[in-house]
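Good morning, and thank you for joining this short presentation. Please look at the sequence and the structure as they appear, and keep both in view while I speak.

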Amino acid sequence: MRILILGAKGNLGQALVKVFEKDNDVIPWDRGEIDITDNDLIKKKIKELKPEIIINAAAYNAVDKCETDEKEFELAKKINGEAVGYLAEAALEVSAPLVHYSTDYVFDGKKKRGYKEDARAHPISKYGETKLAGERALIALS
């Protein structure tokens, strides 16, 4: 199976590459191979590659910087929010499922027993807002 893993040099991405490369044709992309905030480039490269599955492990994750620096917050919104929508559109165009990782930061942390996938989101940080924007971009296209 041909699997595209985005964010392949991050901690999660490296682990996913190790797991999937044993029995699959894994294409590991990171910043050097693709700018996920460039919608046209995403669509072009994914259409050319034609992966059977796309796994998005790419993310802006400098949580503290996102909270205090407006430029970093804007970058986080592009990577964690807008880019996820671009990936979802590209995945639809090639009929590939998109696996996307979010974070517990989309919740306020008040529940003691954890959250179910369908629990109401309530981020209490800018970073959480950016990750929720990505989730909403996916939901809008499903």
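Let me begin with a question: which exposed residues does the face of α1 turned away from its buried side carry? They are Asn11, Lys18 and Val19. Please keep in mind throughout that this is a predicted model.

Let us now turn to the other side of this helix. Helix α1 covers residues 11-20, and within it Gly13, Leu16 and Val17 are buried. These buried residues lie on the same side of α1, because they cover an arc of only 100 degrees around the axis. As for what they meet there, the buried residues of α1 pack against three strands: β1 (2-6), β2 (25-29) and β3 (53-56).

The strands deserve a closer look. β1 and β2 run parallel and are joined by five bridges. To take one residue of β1 that you can find in the model, Arg2 has Asp25 as its bridge partner in β2. Is β1 enclosed or open? Four of its five residues are buried, so β1 is largely enclosed by the rest of the structure.

This brings me to the nonpolar interior. In soluble globular proteins, nonpolar side chains tend to be buried together. In this model, the largest nonpolar core has 24 residues. Those with the most contacts inside this core are Leu4, Leu6, Trp29, Ile36, Ile42, Ile46 and Ile54. At least two residues of the core come from each of β1, β2, α2, α3 (63-68) and α4. Which element gives the largest share of this core? That is α4, with eight residues.

Leu4 shows how such a residue is surrounded. Setting aside neighbours within four places in sequence, Leu4 is in contact with Ile27, Trp29, Ile46, Leu49, Pro51, Ile53, Ile54 and Ile55. Apart from the largest core lies another one, of nine residues, including Ile3, Ile5, Leu16 and Val26. You will recall Leu16 as one of the buried residues of α1.

I now move from nonpolar side chains to charged ones. How many salt bridges does the model contain? The count comes to five, and I shall describe three of them.

In one of these salt bridges, the side chains of Glu89 and Lys43 meet, at 3.2 Å from N to O. Glu89 belongs to helix α4 (residues 70-93) and Lys43 to helix α2 (residues 39-49), so this pair ties together parts that are 46 residues apart in sequence. Glu89 is partly exposed, with a relative accessible area of 28%, and Lys43 is also partly exposed, at 24%.

Another salt bridge joins Lys44 and Glu48, whose closest N and O atoms are 3.1 Å apart. Here the two residues are four places apart in helix α2, which means that about one helical turn separates them. Lys44 counts as partly exposed at 48% relative accessibility, whereas Glu48, at 52%, counts as exposed.

A further salt bridge is formed by Glu70 and Lys126, with 3.6 Å between the closest N and O atoms. Glu70 lies in helix α4 and Lys126 in helix α5 (residues 126-141), so the pair ties together parts that are 56 residues apart in sequence. Glu70 is partly exposed, with a relative accessible area of 45%. Lys126 likewise counts as partly exposed, at 25% relative accessibility.

Not every lysine follows this pattern. Lys131, in helix α5, is buried yet has no salt bridge. How far away is the nearest side chain of opposite charge? That side chain belongs to Glu135 and is 7.5 Å away. What, then, does Lys131 touch, not counting residues up to four places away in sequence? The residues are Ala59, Asn80, His100, Tyr101, Ser102, Thr103 and Val106.

For contrast, consider Lys77, in helix α4, which counts as partly exposed at 31% relative accessibility. Leaving out residues up to four places away in sequence, Lys77 touches Glu82 and Thr130.

To close, I return to the helix with which we began. Gly13, Leu16 and Val17 are buried in α1, while Asn11, Lys18 and Val19 are exposed on the face turned away from that side. I invite you to find both sets in the model. Thank you for your attention.

Technical notes:
Residues numbered from 1 in each chain as written. Predicted model: local features only at pLDDT ≥ 70, side-chain atom pairs only at ≥ 80, totals over all residues. Heavy atoms only, no water. Buried < 20%, exposed > 50% of the residue type's maximum accessible area, 1.4 Å probe, protein only. Arc of directions from axis to C-beta. Contact = heavy atoms within 4.5 Å. Salt bridge = Lys/Arg side-chain N within 4 Å of Asp/Glu carboxyl O. Core = buried A, V, L, I, M, F, W, Y, C linked by side-chain atoms within 4.5 Å. Lys, Arg positive; Asp, Glu negative; His and termini not counted. Pairing = 2+ DSSP bridges.
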